[in-house]
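Hi,

Here is the structure I promised to pass on to you. Have a look at it first, and then read my notes below.

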Amino acid sequence: MPKLKLPSPPGRKAPPKRPGTPEPKRLEVASEKAVGVVDWLDERTALSGGARWMMFRKVPKGTNWFYTLGSATMFAFLSQTVTGIFLAMYYRPDASGGAYESMRYINDEVFLGEFVRGMHKWGSSVMVVLIFLHMARTFFFGAYKYPRELNWVIGVVLLILTMTMAFTGYLLPFDQRSYWATVVGVNINGTGPFVGPYLSDFLRAGPEFSATTLSRFYAIHMLLVPGLLGVLIGAHLYLVARLGTTAPPWQKPAPSTTDQDERA
Amino acid sequence: MPDRRNIKSKYTSDRGMPGAFEGETVTRRRFMTGTAHTAGGIVTAAFLLPSLGFAIGPIFDKIEQPWQDVGPVADFPDDTYIPKTIQIAAAIGEVGKSTVYMRKHNLKIDGKMKDGYDGYIAISTRCMHLGCPVRFTPAAQRFICPCHGGVYDFVGRVDDGPPVRPLDRFYTRVRNGQVQVGPRFSVNQELRRFSPRDPGQALDGIGQYMYPARPSIRKLPNT
């Protein structure tokens with residue numbers, strides 16, 4: 001891999017080639033051009049420093065496969081984002097029959113529709129399972145302790161938002177199961193004392209399940225919560241990179257040199 | 001040890017600023033900063049507050065529930081229920097319809113009539129556990145919910161299972177020989193009328209204070 005170097009400032013010409021130097025090979029010229037593009041970007045954004053800071057971190061001894069559960073959850077989220085965006089190209093949030101019909105169309109008619117819809121449907125369960133495993137890993141490894149408490153708090157908010165996504169997405173196919181599950185779910189929300197009744201009215205857009213309930217759930221599912229999730233995942237990752245990861249609890253600390261000196 | 005920080009007087013006149021006057025503390029820089037922040041705050045509020053109001057508006061918007069004909073007076077026996085279909089939400093097709101179990105008021109079962117809205121008993125099929133549809137089973141003389149096993153007696157009071165209060169009812173009246181079903185109301189275990197509550201919200205004891213009535217749906221005044 002050729003070494004990256006900053007391009008020379010504008011206005012200065014490259015020195016003439018010394019006689020006798022061989023012509024550069026085509027591959028070298030091509031790679032020089034690619035490096036030039038990256039350099040051009042980096043000179044204007046200084047992104048390479050951030051990328052290095054994010055990706056080439058020191059990790060403690062004993063880091064193992066359990067540490068990949070967070071990334072796994074994030075990739076589940078990315079998969080949900082991509083499949084969700086493409087499902088939205090066919091879906092219609094129309095409570096008087098259009099929603100169900102558009103889901104039937106996606107499932108039965110669209111090329112790969114059943115597959116993409118299936119990825120989104122099963123992927124949601126996968127994401128919920130992974131986020132819980134990730135949380136369990138953090139808990140059992142004690143990785144929520146100082147100085148990582150804030151990251152735990154952000155993680156809990158991410159968990160709640162993920163559950164919100166699962167709840168609001170469940171209504172969208174608008175079949176019998178969606179409808180009754182949402183009725184039950186909204187009523188469970190309503191059993192919260194004092195604020196519950198108002199929260200239910202907000203979710204349903206009124207005292208009864210009505211035509212705007214579906215579009216409300218659709219907007220929450222598609223715009224509000226994914227935006228929040230994206231921002232908070234960014235904050236979560238920033239804190240992971242800033243604070244580093246913990247060693248697993250069974251990892252013994254390396255014996256300090258002073259101890260060895262004393263023993264000697 | 002003397003404080004070596006360069007402490008400036010808070011009065012502009014002490015600092016020798018051009019145009020300063022007696023007792024003035026706000027410098028031009030502070031004034032401009034404050035103005036910019038205030039303008040930003042006003043601009044943000046100008047789009048944020050209306051949008052929030054737009055989103056939470058339905059909480060405060062009272063829904064008028066119309067009276068609907070459900071059949072002639074002769075249709076309704078006073079010793080068993082017959083199902084009738086009414087519309088509870090507009091513009092949503094079949095989803096907006098709901099079944100109501102109805103019978104004539106029976107002095108032996110219901111006692112004397114409370115008022116003119118009590119001539120026919122209209123019981124909602126919405127289970128008061130979490131909102132599944134209950135069904136009247138004539139052989140058992142009970143309302144039974146398929147979801148989590150809620151059981152209600154003949155007048156809709158809780159017999160068994162998880163429901164927290166009796167089945168909701170609707171006001172009824174007779175107009176031109178037709179029985180009409182009107183707004184919904186909730187009842188507690190003594191069948192006292194309350195403004196409609198959602199399923200899962202108790203009305204007996206402390207429940208009526210823990211789950212306040214909402215502005216969006218009300219019982220008829222003075223009933």
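Before the notes, one term: a residue is called buried when its relative accessible area is under 20%, exposed when that value is over 50%, and partly exposed in between. By that yardstick Cys145(B) is buried, since its relative accessible area is 4%. Please keep in mind that this is a predicted model.

**The cysteines of chain B**

Let's stay with Cys145(B) for a moment. Its partner in this little story is Cys127(B), which is buried too, with a relative accessible area of 2%. What keeps Cys127(B) from bonding to the closest cysteine sulfur? The distance does: that sulfur, in Cys145(B), is 3.7 Å away, which is too far for a bond. A disulfide needs the two sulfur atoms within 2.5 Å. Cys145(B) is therefore in no disulfide, as its nearest cysteine sulfur is that of Cys127(B), at 3.7 Å.

So how many disulfides are there over all chains? The count is one. You'll find it between Cys132(B) and Cys147(B), with 2.1 Å from S to S. The link is left-handed, with -90° about the S-S bond. It ties together distant parts of the chain, 15 residues apart: Cys132(B) is in the loop between β4 and β5 of chain B, and Cys147(B) is in the loop between β6 and β7. Are these two ends buried or exposed? Cys132(B) is buried at 4% relative accessible area, while Cys147(B) counts as partly exposed at 38%.

**Where chain A meets chain B**

Next, go to the contact between the chains. Chain A brings 28 residues to it and chain B brings 31. People often give the size of an interface as the accessible area lost when the parts come together. Here the area buried between chain A and chain B is about 2400 Å², and carbon and sulfur atoms give 64% of it. Three residues stand out on the chain A side: Tyr198(A), Pro207(A) and Glu208(A) supply 25% of the area that chain A buries against chain B, more than any other three residues.

As for pairings across the contact, there are four salt bridges between chain A and chain B, and ten residue pairs are in polar contact. Which helices should you look at on the chain A side? Try α7, α8 and α9, each of which supplies at least two residues of the side that touches chain B. Helix α7(A) gives the most, with seven residues. By type, the residues on that side of chain A divide into 16 nonpolar, eight polar and four charged.

**Two residues to click on**

Start with Glu208(A), in the loop between α8 and α9 of chain A. With 10% relative accessibility, Glu208(A) counts as buried. It forms a salt bridge with Arg184(B), where the closest N and O atoms are 3.5 Å apart. Leaving aside neighbours within four places in sequence, the contacts of Glu208(A) include Thr213(A), Ile88(B) and Arg126(B).

Then try Leu203(B), in the loop between β11 and α3 of chain B. At 0% relative accessibility, Leu203(B) counts as buried. Leu203(B) and Arg165(B) are 38 residues apart in sequence, yet 6.6 Å apart in space, C-alpha to C-alpha. Apart from neighbours within four places in sequence, Leu203(B) is in contact with several residues, among them Arg165(B), Ser186(B), Phe194(B) and Gln208(B).

Have fun exploring!

Methods: Residues numbered from 1 in each chain as written. Chains lettered and ligands numbered in written order. Predicted model: local features only at pLDDT ≥ 70, side-chain atom pairs only at ≥ 80, totals over all residues. Heavy atoms only, no water. Helix = DSSP H or I, 4+ residues; strand = E, 2+ residues; numbered from the N terminus. Buried < 20%, exposed > 50% of the residue type's maximum accessible area, 1.4 Å probe, protein only. Contact = heavy atoms within 4.5 Å. Buried area = accessible area lost by both parts, 1.4 Å probe. Salt bridge = Lys/Arg side-chain N within 4 Å of Asp/Glu carboxyl O. Polar contact = N/O pair within 3.5 Å; in protein donor to acceptor, adjacent residues only side chain to side chain. Nonpolar A, V, L, I, M, F, W, Y, C, P; charged D, E, K, R; others polar.
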